[in-house]
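Okay, everyone, thanks for coming. Let me put the structure up, and then I'll talk you through the sheet, the helices and the cavities.

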Amino acid sequence: MAPTKQAPTRQAITLKGSTNLVTEFFKYAANTILFQRGVYPADDFHMVKKYGQTVLVTQDLALENYLDKILKQVNQWLLTGSVTQLVLAIISKDSRLPLERWVFDINLVEQPGEGSQPAPAKPEAEIQAEIRAILKQIVSTVTFLPVIDEPTVFNILAYTAESVDIPANEWVDTDPLAIEASKSQQVKLRSFSTDVHRIEAMVAYRYEG
């Protein structure tokens with residue numbers, strides 16, 4: 001007798017779909033930050049249509065491969081609920097001082113208890129509108145963030161559960177690249193949520209004034 005396949009639950013499908021949406025958001029958010037903050041030359045980016053608006057994406061193959069590799073791992077950690085925060089840190093190339101930390105907190109949306117009526121699925125159009133608003137806000141931050149007039153590099157930090165498997169030679173324990181409290185200003189950005197994940201965003205920047 002052939003084994004019967006169990007139909008996937010709505011939750012399993014939602015988790016995978018949500019994970020892909022969140023991973024894709026990080027890709028476009030990282031590209032937007034790297035472009036807007038001048039970490040890479042403007043000529044390295046080209047325009048694509050996404051979320052009903054134009055976004056800029058790198059054409060630099062090395063950067064594209066680096067981001068893809070990182071996001072593939074992040075996708076796996078999201079599926080297992082092992083990652084709680086991603087940080088894109090912009091660092092002075094010469095002094096190695098962290099200048100900005102773009103922080104994305106990853107929370108799980110509380111699910112209704114057993115026997116409770118499941119919440120209606122959140123429309124994808126609503127999720128995309130929330131993502132669109134965050135990306136527009138990232139673009140608008142150039143109006144108040146200090147001008148960066150020196151060469152910079154960036155690093156992506158992932159905060160994970162202690163028990164998580166870390167691929168050898170790809171991720172290492174590192175300095176949190178924090179900005180001293182006395183020289184740090186913070187701005188909370190918009191958030192977005194799916195049926196499974198809620199992403200809260202903020203930027204901390206070095207302010208010497």
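**A sheet, its helices and two cavities**

Let's start with one pair of residues: Leu88 sits opposite Trp102 in β4. Before going further, keep in mind that this is a predicted model.

Now zoom out to the strands around that pair. β3, residues 83-92, and β4, residues 98-108, run antiparallel and are joined by seven bridges. They belong to an open sheet of five strands, ordered β5-β3-β4-β7-β6, with antiparallel pairing. At the edges you have β5 (152-160) and β6 (184-193), and each has a single partner strand, so one side of each is left without a neighbour in the sheet. As for the twist, neighbouring strands here are turned by 15 degrees against each other on average, if you ignore direction.

Okay, helices. So what does α2 lie across? Helix α2, residues 61-79, goes across β3, β4, β5 and β7 (197-206), and it runs at about 15 degrees to β5. Then there's α3, residues 124-140, which also packs on the sheet. Helix α3 touches β4 and β6, and its direction makes about 160 degrees with that of β6.

On to the holes. How many cavities of 30 Å³ or more does a search of the whole structure find? Two.

Take the largest cavity, with a volume of about 140 Å³. Its lining has 14 residues, and the ones nearest the centre are Phe26, Ala30, Leu86, Leu88 and Ile156. Yes, that's the Leu88 we began with, the one opposite Trp102. The elements giving two or more residues to this lining are α1 (10-36), α2 and β3. The largest share is from α1, with five residues. And the make-up of that lining? We get 13 nonpolar residues, no polar ones and one charged.

The second largest cavity comes in at about 40 Å³. Lining this one are Lys27, Asn31, Val57, Thr58, Glu64, Leu67 and Asp68. Here α1, β2 (53-58) and α2 are the elements that give two or more residues. This time the largest share, three residues, comes from α2. By type, the lining of the second largest cavity splits into two nonpolar, two polar and three charged residues.

If you want one thing to look at while we chat, put the two linings side by side: 13 nonpolar and one charged for the largest cavity, then two nonpolar, two polar and three charged for the second largest. Okay, that's me done.

Key. Residues are numbered from 1 along each chain as its sequence is written. This is a predicted model: local features need pLDDT of at least 70, side-chain atom pairs count only at pLDDT 80 or more; totals for chains, interfaces and linings use all residues. Side-chain values use heavy atoms; hydrogens and water are left out. Two strands pair if DSSP finds at least two bridges between them. Helices (H or I, at least four residues) and strands (E, at least two) are DSSP runs, numbered from the N terminus. Axes are lines fitted to C-alpha atoms, for helices over the stretch in contact, and angles run from 0 to 180 degrees between N-to-C directions. Contact means heavy atoms within 4.5 Å. On a 1 Å grid over the protein atoms alone, a cavity is a set of points where a 1.4 Å probe fits but cannot get out, and a pocket is an open set with protein on both sides within 12 Å along at least five of seven lines; lining residues have an atom within 4 Å of a point. Grid points are joined across faces, edges and corners, and a volume is the space filled by probe spheres set on the points. Ala, Val, Leu, Ile, Met, Phe, Trp, Tyr, Cys and Pro count as nonpolar, Asp, Glu, Lys and Arg as charged, and the others, Gly among them, as polar.
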